[in-house]
Amino acid sequence: MTQRPSILVARAIFPEVIERLREHFDVETNHTDAPFTPQQLAERLQGKVAVLTTGSERIGAELLAACPQLKVVANIAVGYNNFDVPAMTAAGVLATNTPDVLTETTADFGFALLMATARRVTESEHFLRAGLWSKWALHMFAGAEVHGSTLGILGMGRIGQGIARRGAHGFGMQVIYHNRSRLDAASEAACQARYVSKAELLKQADHLVLVLPYSAESHHAIGAAELAQMKPTATLINIARGGIVDDAALAVALRERRIAAAGLDVFEGEPQVHPDLLTVPNVVLTPHIASATITTRKAMANLAADNVIAFLTQGQPLTPLNPEVLPKVLNA
């Protein structure tokens with residue numbers, strides 16, 4: 001009897017997804033959900049041909065050299081800045097992610113975070129819970145308008161377009177965006193979005209939402225210089241990746257009211273959060289939950305599983321990031 005391939009699921013996921021994987025493979029799980037250290041991950045991957053990862057697991061050249069049997073790494077995320085894709089390609093290891101299935105849910109949350117930030121929801125709740133509310137006042141927690149305001153989007157992929165549609169069609173917002181490449185005319189029309197330079201985006205936006213992928217080029221795309229170009233009444237929303245914003249510079253800008261408020265779902269060095277962000281009142285903080293609905297998180301885990309199953313049983317992954325390795329891996 002041929003021995004079944006062995007795979008690792010690096011973090012705790014839904015039991016029904018594990019059972020699907022066990023129909024095809026010997027599966028080692030991490031039921032404690034404690035993130036592995038790099039050394040622990042390398043040890044667990046010995047003899048494994050596949051691993052399902054999250055952003056907690058860094059896949060780089062050193063790990064790949066220590067795990068020569070590894071063939072595919074399936075990220076349970078649309079982002080993959082935890083992957084060194086060139087190193088994976090050089091090692092002949094397939095990388096996959098989970099696009100599309102989280103687009104609408106993440107756009108929903110991005111807009112929810114925008115509204116909570118603009119309308120000072122977190123700040124006012126803290127005030128109420130602290131027992132400080134003794135009377136109503138005309139100016140009490142007066143925030144920024146959302147309807148009819150100017151929505152700026154930096155990064156106009158699937159999620160950015162979803163946020164643009166919500167703003168334009170649902171709230172009558174004027175939508176402007178900047179992206180590495182301009183959308184086609186039909187896509188712009190569907191979003192009612194207008195392309196502008198990054199400088200104009202910073203200058204004009206009442207609410208600036210970041211939805212661009214993390215890379216060396218986008219590191220600190222929003223720093224002190226960019227924050228200084230924004231309106232003092234503007235809000236900044238980051239649902240993209242930590243490192244796109246210089247969190248230390250943002251904390252200073254918030255404290256000094258150079259911008260009105262910020263809403264952050266991602267952070268540099270998360271799960272650690274820059275301590276200065278914890279001491280300013282005009283920021284809404286959430287722990288990387290933009291895609292966190294049961295339906296969407298199950299869809300993400302299932303797509304990662306489908307990538308592993310389809311690749312290892314049929315040689316046809318669904319959402320490969322480096323499909324150029326397929327001939328090399330399949331012919332090995």
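Which element gives the most to the lining of the second largest pocket? I took this up at the outset, working on a predicted model.

**Entry 1: the second largest pocket**

I found that α2 gives the most to this lining, with 4 residues. Both α2 (38–44) and α3 (61–66) supply at least two residues each. The volume of the second largest pocket came out at about 200 Å³. I listed its lining as F36, T37, P38, Q39, L41, A42, S56, E57, R58, E62, L63 and A66. Sorted by class, the lining of this pocket holds 6 nonpolar, 3 polar and 3 charged residues.

**Entry 2: the cavity**

I then searched the whole structure for cavities of 30 Å³ or more and noted 1. The largest cavity has a volume of about 50 Å³. Its lining is made up of A116, T117, R120, V121, T122, E123, A261, A262, P281, N282, V283 and V284. Two or more residues of that lining come from each of α5 (103–118), α6 (121–129), β11 (261–264) and β12 (283–285). I recorded α6 as the element that gives the most to the lining of the largest cavity, with 3 residues. The class count for the cavity lining is 7 nonpolar, 3 polar and 2 charged residues.

**Entry 3: the nonpolar cores**

I turned next to the largest nonpolar core, which has 51 residues. Those that touch the most other members are L21, L52, L151, I153, M156, I163 and I239. Helix α12 (residues 294–314) gives the most to this core, with 7 residues. Apart from this core lies another, of 30 residues, and I noted I222, A253, F267 and L277 among them.

I followed I239 further, leaving aside its neighbours within four places in sequence. I239 is in contact with T106, F109, G110, L113, I159, I163, L210, V211, D265 and V266. One of these partners, I163, also appears with I239 among the core residues that touch the most other members.

**Entry 4: the chain as a whole**

I counted 13 helices and 12 strands in the protein chain. The radius of gyration is 22 Å, close to the 20 Å that the globule rule gives for 332 residues, so I entered the chain as being as compact as a globular protein of that length. The C-alpha trace spans about 75 × 50 × 35 Å along its principal axes. Of the 332 residues, 50% count as buried. Finally, I looked at contacts with a separation of 6 or more: residues 24 or more positions apart account for 61% of them.

Note on methods. Residues numbered from 1 in each chain as written. Predicted model: local features only at pLDDT ≥ 70, side-chain atom pairs only at ≥ 80, totals over all residues. Heavy atoms only, no water. 1 Å grid on protein atoms, 1.4 Å probe; cavity = no way out; pocket = protein on both sides within 12 Å on 5 of 7 lines; lining within 4 Å. Points joined across faces, edges and corners; volume = space filled by probe spheres on them. Nonpolar A, V, L, I, M, F, W, Y, C, P; charged D, E, K, R; others polar. Core = buried A, V, L, I, M, F, W, Y, C linked by side-chain atoms within 4.5 Å. Buried < 20%, exposed > 50% of the residue type's maximum accessible area, 1.4 Å probe, protein only. Contact = heavy atoms within 4.5 Å. Rg over C-alpha atoms; globule rule 2.2 N^0.38 Å.
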